[in-house]
Amino acid sequence: MASVFFGGAISLSGSEIDYEAPWGTASSVSILEGAVSYGGQYLYALNPYLAVGAEFNANNFESTTDRIWGAGYAAETITSKMDVYSILLAGRLTVNPAHAFRLYVPLGVGAAVAKNSMTAHTAGVSASGSETDCSVIYYAGLGIEGDLMNNWTLGAEMRYSRFTMDTRKLVQHGGKENFSFLALMLKLSYRF
């Protein structure tokens, strides 16, 4: 079965970091919020209930801007943008394969490449930095699909995903941060 999917995602816990500035720490700077999610997947059915394969997916998070206050109450803004691209081993457990509307559990684990760019503006001065980090990403979810015509199916899938990013290049005293998001996607599939 070959599939393409498209939808959106929202960040869950771990969507903020502490930004270390010369005057001290600015707490809870947003690093990711909502995203556009898309990708493709190929699964091979081992039996009517279990399928395994590979997947590429991407989550392009929207740019966020936080306003913080510096020394002498000089206003500073920090703008952040993150994109997460993944290659995964994917699997699927179908609960009721003989029905016209099927309920299934999608699972995946693989490698994520996360790129975050950050720009700070204060008193007419700007500074920016970016970081690209590779880590393990995994997801688990719930999906439903129905037959359209011939071998085509249309479905909807909700996934919880989690990955880690090292933020030391972005902020002083950074480190490994856990990020998670929830994606809801429409999925069009063709069964061979």
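Me: Strands here are DSSP runs (E, at least two residues), numbered from the N terminus. In which strand is the place of R102?

Reply: This is a predicted model, by the way. Look for the strand that covers residues 101-122, since R102 falls in that stretch. That strand is β8.

Me: Is R102 buried or exposed?

Reply: Let's check the cut-off: buried means under 20% relative accessible area, and exposed means over 50%. R102 has a relative accessible area of 6%. Because 6% is under 20%, R102 counts as buried.

Me: What does R102 touch, and which residue's backbone oxygen lies 3.4 Å from a polar atom of its side chain?

Reply: Leaving out residues up to four places away in sequence, R102 touches a whole crowd, including R92, T94, G143, E145, D147, T153 and R191. For the backbone oxygen at 3.4 Å from a polar atom of the R102 side chain, look to A100.

Me: Let's zoom out. How many strands does the protein chain have?

Reply: Walk along from the N terminus and you meet β after β in the run of elements. The chain has 0 helices. The strand count is 11.

Me: What percentage of the residues in the protein chain count as buried?

Reply: The chain has 192 residues in total. It exposes about 9800 Å², and carbon and sulfur atoms supply 63% of that. As for the residues that count as buried, the share is 43%.

Me: How many residues lie between β4 and β5 in their hairpin?

Reply: Strand β4 takes in residues 34-45 and strand β5 residues 50-61, and they pair in the antiparallel sense over 11 bridges. Within that pairing, Y38 stands opposite A58 in β5. Between the two strands of the hairpin, the number of residues is 4.

Me: Which residue takes a positive phi in the hairpin of β9 and β10?

Reply: β9 (residues 125-147) and β10 (residues 152-166) pair in the antiparallel sense over 11 bridges. One of the links to spot is I137, whose bridge partner in β10 is F163. The hairpin has 4 residues between the strands, and the one with a positive phi near 45 degrees is N150.

Me: What is the bridge partner of W152 in β11?

Reply: β10 also pairs with strand β11 (residues 176-190), in the antiparallel sense over 15 bridges. Find W152 and look across to β11, where its bridge partner is Y190.

Me: How many residues are in the largest nonpolar core?

Reply: In soluble globular proteins, nonpolar side chains tend to be buried together. In this chain's largest nonpolar core, F61, M82, V84, I137, F163, M165 and F181 touch the most other members. The elements that give two or more residues to this core include β1, β4, β7 (75-94) and β11. The number of residues in the core is 22.

Me: Which residues is V84 in contact with, leaving aside its neighbours within four places in sequence?

Reply: V84 is one of the core members that touch the most others. Its contacts beyond those neighbours are N57, A58, N59, F61, A112, V113, A114, I137 and F163.

Me: With which residue's side chain does the side chain of S3 make a polar contact?

Reply: S3 lies in strand β1 (residues 2-11), and it is buried, with a relative accessible area of 5%. Apart from residues up to four places away in sequence, it touches G39, G40, Q41, K187, L188 and S189. The polar contact, at 2.6 Å, is with the side chain of S189.

Methods: Residues are numbered from 1 along each chain as its sequence is written. This is a predicted model: local features need pLDDT of at least 70, side-chain atom pairs count only at pLDDT 80 or more; totals for chains, interfaces and linings use all residues. Side-chain values use heavy atoms; hydrogens and water are left out. Buried means under 20% relative accessible area, exposed over 50%, partly exposed in between (1.4 Å probe, protein chains only). Accessible areas come from the Shrake-Rupley method with a 1.4 Å probe; for residues, only the protein chains shown count as cover. Two strands pair if DSSP finds at least two bridges between them. A polar contact is a pair of N or O atoms within 3.5 Å; within protein, one must be able to donate a hydrogen and the other to accept it, and residues adjacent in sequence count only if both atoms are side-chain atoms. Contact means heavy atoms within 4.5 Å. A nonpolar core is a set of buried Ala, Val, Leu, Ile, Met, Phe, Trp, Tyr and Cys residues joined through side-chain atoms within 4.5 Å.
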